[in-house]
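Me: Here is a model I would like to go through with you. Let us take it step by step.

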Amino acid sequence: MELLPVRPTVKTPASAFTGDVYMTPIYNGAGPSRMVVALVRFTPGARTNWHSHAVGQTLHVTEGVGLVGVRDGAVLRIHAGETVVCPPGEEHWHGAAAGTFMSHLAMLEAKPDGGDPTTWLEPVTDAIYETANR
């Protein structure tokens, strides 16, 4: 058993997020585990860019109301206590609904070689976000 210290919260890079988003790393697996977990906090209207994950991603909402969108235009409105599973390779985005904060645990696996499993793509446009938020 090991007690891990609280790690510092960082502001996420503007190259992958729109708006103010903060991330607190929780766990980075050490072989054989490849699990990566972070608490991500979105201010109202903030969101990720489009992206995908090599082995998929699970999001567990801890606070507020959020949105998760995929390329075909489908959008889930997510609430505290709900969990969303994004399959491997699916291009998606997620963030807070307008007018509310949203926090979630982001859980994913590193690649077998330890590499970053996330492929970051272009920003989600305001038009796409506004349509999703209706």
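Me: How many strands are in the chain?
Reply: This is a predicted model, where local features need pLDDT of at least 70, side-chain atom pairs count only at pLDDT 80 or more, and totals for chains, interfaces and linings use all residues. Residues are numbered from 1 along each chain as its sequence is written, and side-chain values use heavy atoms, with hydrogens and water left out. Helices are DSSP runs of H or I with at least four residues, strands runs of E with at least two, numbered from the N terminus. Beside 1 helix, the chain has 12 strands.

Me: What radius of gyration does the chain have?
Reply: The rule for a globule is 2.2 Å times the number of residues to the power 0.38, over C-alpha atoms. For 134 residues, a compact globule would come near 14 Å. The chain agrees, with 14 Å.

Me: How many residues of β10 are buried?
Reply: Buried means under 20% relative accessible area with a 1.4 Å probe, protein chains only. Strand β10 covers residues 92–96 and is mostly covered. The buried count is 5 of its 5 residues.

Me: Which residue of β10 is the bridge partner of Val 68?
Reply: Two strands pair if DSSP finds at least two bridges between them. Strand β7 (residues 57–70) runs antiparallel to β10, joined by 5 bridges. Val 68 has as its partner His 94.

Me: What share of the chain's residues is buried?
Reply: The chain has 134 residues. Those that count as buried make up 37%.

Methods:
Buried < 20%, exposed > 50% of the residue type's maximum accessible area, 1.4 Å probe, protein only.
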